[in-house]
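Me: I have a structure open and would like to learn how to read it. Could you take me through it step by step?

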Amino acid sequence: MKSLYIFIIFLIVAAAQLFVPAQMILNREDVLKTGMVFKFKTRPIDPEDPFRGKYISLGFEATSYNTMDSIWERNQKVYAYLDIDSLGFAKIDKVSRELLIDDDKDFLEVKVDRYDNYSNKLNIEYPFNRYYMEETKAYDAEVAVRENLRDSVLTNVYALVHIKNGVSVLKDVIINDMSIKDYVKRELESN
Amino acid sequence: MNSKIQSEIKELVEQQVISEGIASKIEAYYQSKKDNAPNRLFTVFGVLGALLVGLGIILILAHNWDDFSRSMKTFFAFFPLVIGHGFVGFSILKNKTKVWKEASGTFLFFAVGSSMSLISQIYNIPGSVSSFLLTWILLCAPLIYLLKSHMLAILHILFMTYYATDYGYSFLSSSNTPWFYILLLALAVPYCLQLLKNNIDANITSIFNWLLPLSLIIVLGTFIVKIGEFGVLMYVCLFGLFYNIGKMPLFDNRKLRRNGYLILGSLGTIYMLIITSFDWLWKDRIKNTLDINSQEFYVSLVLFLMAFGVLVYSYSKSWIKRYNLSHYIFVIFSVIFFIGFGNKFIPLTIINLLILIIALITIKIGADKFHFGILNYGLLIIAILIVCRFFDTDMSFVLRGLLFVGFGLGFFLANYLMLKKQKERKLNVKN
């Protein structure tokens, strides 16, 4: 009888253990299906995570916002409202401490990096700074981007991000209109 | 049965110390004890196997297989998890042996981690290692109690320490305080208490007696945000707490190597006293006014009250030998710390005296108990004190040299005298 009770509690624990990853999937699938797509100009580098393996870390171009308001704390959670520039890339329209109800632009929950008192610029950190790659490819991806940057401009490397209600999912990183995974594969094969 | 015991029994019978009847009774007792004990080696290998397989799965998945589709990766994220659930469910429902429970629980622990990490990869979920670890540990914490698994409890303590250090110690950004560590600790403590209550002499209990205080020592530093001086007080109180816990008869009456609280508490206290016997702390202490309304103060206060609680309880049970100053070091230190004295000399003198007195008491305890380890520990404390004072005292080299020679002779003499005494005592016992 006692083991039956324990088994029932175990079923609840097991359900929670299944629910957490399932919830992670469902939330992201919803954003991928119904979220707005933005392109963020980026520059990848290659670190790694002990459990989740190799990823390329993404640094973005559109991370600063001009404001005279100088009272920001590091790592403070704020909302970045996004717009699209003339070339079709994402840019920050405004940064706010609270949700703006009457603003219909897509927004993201981001972190304050720092405020520069000289240039009056607020720098933010996007929540999608990791792109996981097969371990053999992550370093090559970084090299590919570096070499690509040498002979052309940054416009052809960007992150494809789906955004809905403040939640974002990084879908792909694109180099020369090609997924970085395919790009690296092609580069490896051609060498 | 242990062959050593068998030969001892044989010898005792031959020497007519015990009768044949008693000998067979003793043998029967050890035999029955052996039959009841589960196969320890099998448990160890079972757990080790599950541990390696689980870690292996995480590493294989960390390769990030680009060629698999998203649905295929999702399947692989859940596959080990469901298998783990199957094994654990089976071992609970059928009330299988300890080996089953330990091994399946360990496997499930890593399956949960691998599942979450694979989904992070599929959807490029950023999140720091610490937030990932926290979810992982919390999801697996109930399994410790459901399976009564030692290995899961050990993994829980190891991973919560990893979580707190990753979250709290950082070189670049401003430091964070891992408050969730306290919750994770609270989840682990009842298990350790249960072990102390039911299985005090088991080897596994002594592993916990070391792991838990070590984890606390490693993590406590993350609770210091701004005021470093309070960090010193926090650690003195923590080591005071460990020392007083370690001196409770529950721990003190057992082998010293099983008593992590006492050893860490004593070593830690001496270490803190030695480093505060230099003048940097007291210089800062005079320069800066302490902000009482700070996180560091409250953490120190909680630790102080806990240590003081244990001290009062031990005193009320008359467990404390009055002359042993080590019990009260954290109280004396706290008083000196707060009074500050306006100059550095008074606190420095008191700290140096405290170290000296502790060393002398330790030597006395070592001599009384005929314990060479404790005796030499006391001598070592004095030696370290002298070496440290060389750094900030103007003394001629001749005098320093003489002091060292004198002290070296002291070491030799103390050990020699005790050895002689011990031999005499053995002779007296024989006669």
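Me: Which residues of chain A does the UniProt annotation "transmembrane region" cover?
Reply: Start with what the record says, then look at the model. According to the unreviewed UniProt entry, the "transmembrane region" covers residues 6-26 of chain A. Keep in mind that the model here is predicted. In it, residues 6-26 of chain A are 100% helix and 0% strand, and the C-alpha atoms at the two ends of that stretch lie 30 Å apart.

Me: How is chain A divided into domains?
Reply: Look for the bounds before you look for contacts. Domain 1 of chain A runs over 1-34, and domain 2 of chain A over 35-190. Where they touch, domain 1 of chain A contributes six residues and domain 2 of chain A contributes nine residues.

Me: What area is buried between domain 1 and domain 2 of chain A?
Reply: Buried area tells you how much accessible area two parts lose on being put together. Here the value is about 610 Å², with 65% coming from carbon and sulfur atoms. On the domain 1 side, A:Val31, A:Leu32 and A:Thr34 lose the most area to domain 2 of chain A, together 78% of what that side buries.

Me: Which side chains meet in a salt bridge with A:Asp30?
Reply: For this, check the distance from N to O. The partner of A:Asp30 is A:Lys164, at 3.1 Å. The rule finds one salt bridge across this domain interface, and four residue pairs are in polar contact there, both residues at pLDDT 80 or more. The residues that domain 1 of chain A brings to this contact are two nonpolar, one polar and three charged.

Me: Now for the two chains. How many residues does the contact take from chain B and from chain A?
Reply: Chain B gives 46 residues and chain A gives 43 residues. Together the chains bury about 3,800 Å², 64% of it on carbon and sulfur atoms. On chain B, the three residues B:Asp66, B:Tyr123 and B:Asn124 supply 18% of the area buried against chain A, more than any other three residues.

Me: What is the count of salt bridges between chain B and chain A?
Reply: The count is one salt bridge. In it, the side chain of B:Arg70 meets that of A:Glu29 at 3.0 Å, N to O. Polar contacts across the two chains come to six residue pairs, both residues at pLDDT 80 or more.

Me: Which elements of chain B give two or more residues to the side that touches chain A?
Reply: They are helix H4 (70-93), helix H5 (98-122), helix H6 (129-147) and helix H7 (150-168) of chain B. By class, the residues on that side of chain B are 27 nonpolar, 15 polar and four charged.

Note on methods:
Residues numbered from 1 in each chain as written. Chains lettered and ligands numbered in written order. Predicted model: local features only at pLDDT ≥ 70, side-chain atom pairs only at ≥ 80, totals over all residues. Heavy atoms only, no water. Domains from an automatic or database assignment. Contact = heavy atoms within 4.5 Å. Buried area = accessible area lost by both parts, 1.4 Å probe. Salt bridge = Lys/Arg side-chain N within 4 Å of Asp/Glu carboxyl O. Polar contact = N/O pair within 3.5 Å; in protein donor to acceptor, adjacent residues only side chain to side chain. Nonpolar A, V, L, I, M, F, W, Y, C, P; charged D, E, K, R; others polar. UniProt positions renumbered as here; feature names shortened; annotations may be inferred. Helix = DSSP H or I, 4+ residues; strand = E, 2+ residues; numbered from the N terminus.
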